[in-house]
Amino acid sequence: MGQPIALDKFQKFFLEDVEEAYPEIERTEILPDALHRRAAEAHCYRLTLPNEYGGHEMQLMEFLRYLEAAAAGPGIGRMLVHTTNGVWRPLHQFGNAEQKAIISKIPNGDAVVAFCLTEQTGGTGRDLKSRGVRDGDNWLISGEKHLITFADRATHFILVVATDDRGAEDSLTAFFIPRDTPGFEIDTSQHTMGLHGTGHAFLRYKNMVVPDSQRLGKVGQGLEVALSFLDYSRVSLSACMVGMAQRALDEAVAFSKRRVTFGQPISTRQAMQGHIATMHADIEAGRHLVEHAARLCQDGEDFTPQAATAKLFCLNMVGRVTDLSLRVHGGWGYTKAAPIERIYRDARGFWFEEGTAEIQQLVVARYVMSKN
Ligand SMILES: Cc1cc2nc3c(=O)[nH]c(=O)nc-3n(C[C@H](O)[C@H](O)[C@H](O)COP(=O)(O)OP(=O)(O)OC[C@H]3O[C@@H](n4cnc5c(N)ncnc54)[C@H](O)[C@@H]3O)c2cc1C
């Protein structure tokens, strides 16, 4: 598997290849196969995967830099890196030999795994309405999911459903389902505000027959499977927020230097400098929170509250920074010609992915209360 790609070369892929392809992606909502293959060649899908699966086994502290680099480009780029380098974890931890073998197909893009928890009919967690009922050596699974990232091209789906009475400790179970499972409907008509080309979909299934051998983990271990990589993923996502906010700041600085009003670049105005300084301070604070959580994770310490704290801060931070960057750009920033127009929309996705601000607040408040 060799050495990981150099960081500058990695970033070039997002700022040049992905940027160039993006207008077409935004128009069609499709990630071209050729770009998916080039992403694999740029090591996007192998950075953190263990060596045994053909990955670079990159530690989180180093991976943060790569996530920031990816997030400087269109949102689809950081989505590819963030999701792929997280979703192998439950397969590695809970999978049987056959399920683990799929991980080896991720680095070159031959396998794409989607993680499926969210429902329109149920609340995320023990309130899921998708239901699996045992039928001999099989399960009959019925229900729906939505907002499932890269469902358009996923070869496999980790599906978490209720398999016991609602609310019971052992209510949920995870399954690892191949795309071509009979009765598994993938409706890719769910388009999002930003992050175009990320293939979000509705999933529907009624009495879908799933062999017990496709169960991921034990019966009743579904919540554990779902939560097993959530803290890691929140840090990874927060690094993406830092990277996208940094790009918004860079765009604001560049624009302020070239936009001249009343004979002076607006970068010379104290009001604009105030915005630039505020954005920089916000981003630096977020970056340090992310690094703190990542360091604890890498050292094998408990980092659940720090991951939620980083995410809570960074999702508000990226909102503030993209707001201010748009203001610095004036009316031009509100047009499709300005990169900040896209960045502004892409940034809003962070408010929901892997738990809303309100859910992070619950985790953080629980931690603070327990200490006082
Ligand atoms: C870009 C993007 C990608 C995504 N990718 C995936 C994916 O790949 N797989 C997947 O499974 N999901 C995915 N999601 C879904 C995402 O995880 C959910 O949108 C998110 O967890 C919030 O759940 P919800 O949409 O059902 O919101 P709701 O639960 O409907 O929440 C609505 C509002 O009520 C609040 N709320 C809800 N319950 C409580 C409570 N108990 N206490 C306090 N406040 C509460 C929320 O904070 C929010 O403000 C994605 C979402 C987005 C936007």
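Where in the chain is the place of Glu57? In this predicted model, Glu57 sits in the loop between helix α2 (33–41) and helix α3 (60–71). The phi angle of Glu57 is near 55 degrees, a positive value in a residue other than glycine. Glu57 is partly exposed, with a relative accessible area of 40%.

A second residue may be set beside Glu57. Phe150 also is not a glycine, and its phi is positive, at about 55 degrees. Phe150 belongs to the loop between β3 and β4 (156–162). Is Phe150 buried or exposed? The relative accessible area of Phe150 is 5%, and burial is defined as a value under 20%, so Phe150 counts as buried.

Phe150 leads to the interior of the model. A search of the whole structure finds one cavity of 30 Å³ or more. The largest cavity holds about 130 Å³ of space. Phe150 is one of the residues that line this cavity, and others include His36, Tyr45, Leu80 and Arg153. Which element gives the most to the lining of the largest cavity? The answer is α4, with four residues. Sorted by class, the lining of the largest cavity has eight nonpolar, three polar and one charged residues.

Helix α4 also takes part in an open space, the largest pocket. That pocket has a volume of about 1300 Å³. Its lining comprises 42 residues, of which Thr118, Phe352, Glu353, Glu354 and Gly355 are the closest to the pocket centre. Several elements each supply at least two residues of this lining, among them α4, β1 (113–116), β3 (138–148), α7 (230–258) and α11 (357–371). Helix α4 gives the most to the lining of the largest pocket, with five residues. By class, the pocket lining has 19 nonpolar, 15 polar and eight charged residues.

One residue of α4 deserves separate attention. Arg89 lies in this helix, which covers residues 75–94. Arg89 is buried yet has no salt bridge. How far away is the nearest side chain of opposite charge to Arg89? That side chain belongs to Glu57, and the distance is 10.0 Å. A salt bridge is counted within 4 Å, so the separation of Arg89 and Glu57, at 10.0 Å, does not qualify. When its neighbours within four places in sequence are left aside, Arg89 is in contact with Thr48, Phe229 and Tyr232.

Other charged residues do have partners. Side chains of opposite charge can pair when their charged atoms come close. A search of the whole structure finds 26 salt bridges. In one of them, the side chains of Arg247 and Glu19 meet at 2.7 Å, N to O. Arg247 lies in helix α7 and Glu19 in helix α1, so this pair ties together parts that are 228 residues apart in sequence. Arg247 is buried, with a relative accessible area of 12%.

Another salt bridge joins Asp110 and Arg37, whose closest N and O atoms are 3.0 Å apart. This pair also links distant parts of the chain: Asp110 is in the loop between α5 (97–103) and β1, Arg37 is in helix α2, and the two are 73 residues apart. Asp110 is partly exposed, with a relative accessible area of 42%. Arg37 likewise counts as partly exposed, at 37% relative accessibility.

A further salt bridge connects Glu341 with Lys336, the closest N and O atoms being 3.1 Å apart. Are these two residues buried or exposed? Glu341 counts as buried at 14% relative accessibility, whereas Lys336 counts as exposed at 63%. Elsewhere, salt bridges that share partners join Glu19, Arg247, Glu251, Arg342 and Asp346 into one network.

Glu341, Arg342 and Asp346 are among the buried residues of helix α10, which spans residues 339–348. Why can α10 be described as largely enclosed by the rest of the structure? Eight of its ten residues are buried, so the description follows. The buried residues of α10 also include Ile340, Ile343 and Ala347. What covers the buried residues of α10 includes α1 (7–28), α4, α7 and α9 (304–328). Helix α4 thus appears once more, after its part in the linings of the largest cavity and the largest pocket.

Terms used: Residues numbered from 1 in each chain as written. Predicted model: local features only at pLDDT ≥ 70, side-chain atom pairs only at ≥ 80, totals over all residues. Heavy atoms only, no water. Buried < 20%, exposed > 50% of the residue type's maximum accessible area, 1.4 Å probe, protein only. Lys, Arg positive; Asp, Glu negative; His and termini not counted. Contact = heavy atoms within 4.5 Å. 1 Å grid on protein atoms, 1.4 Å probe; cavity = no way out; pocket = protein on both sides within 12 Å on 5 of 7 lines; lining within 4 Å. Points joined across faces, edges and corners; volume = space filled by probe spheres on them. Nonpolar A, V, L, I, M, F, W, Y, C, P; charged D, E, K, R; others polar.
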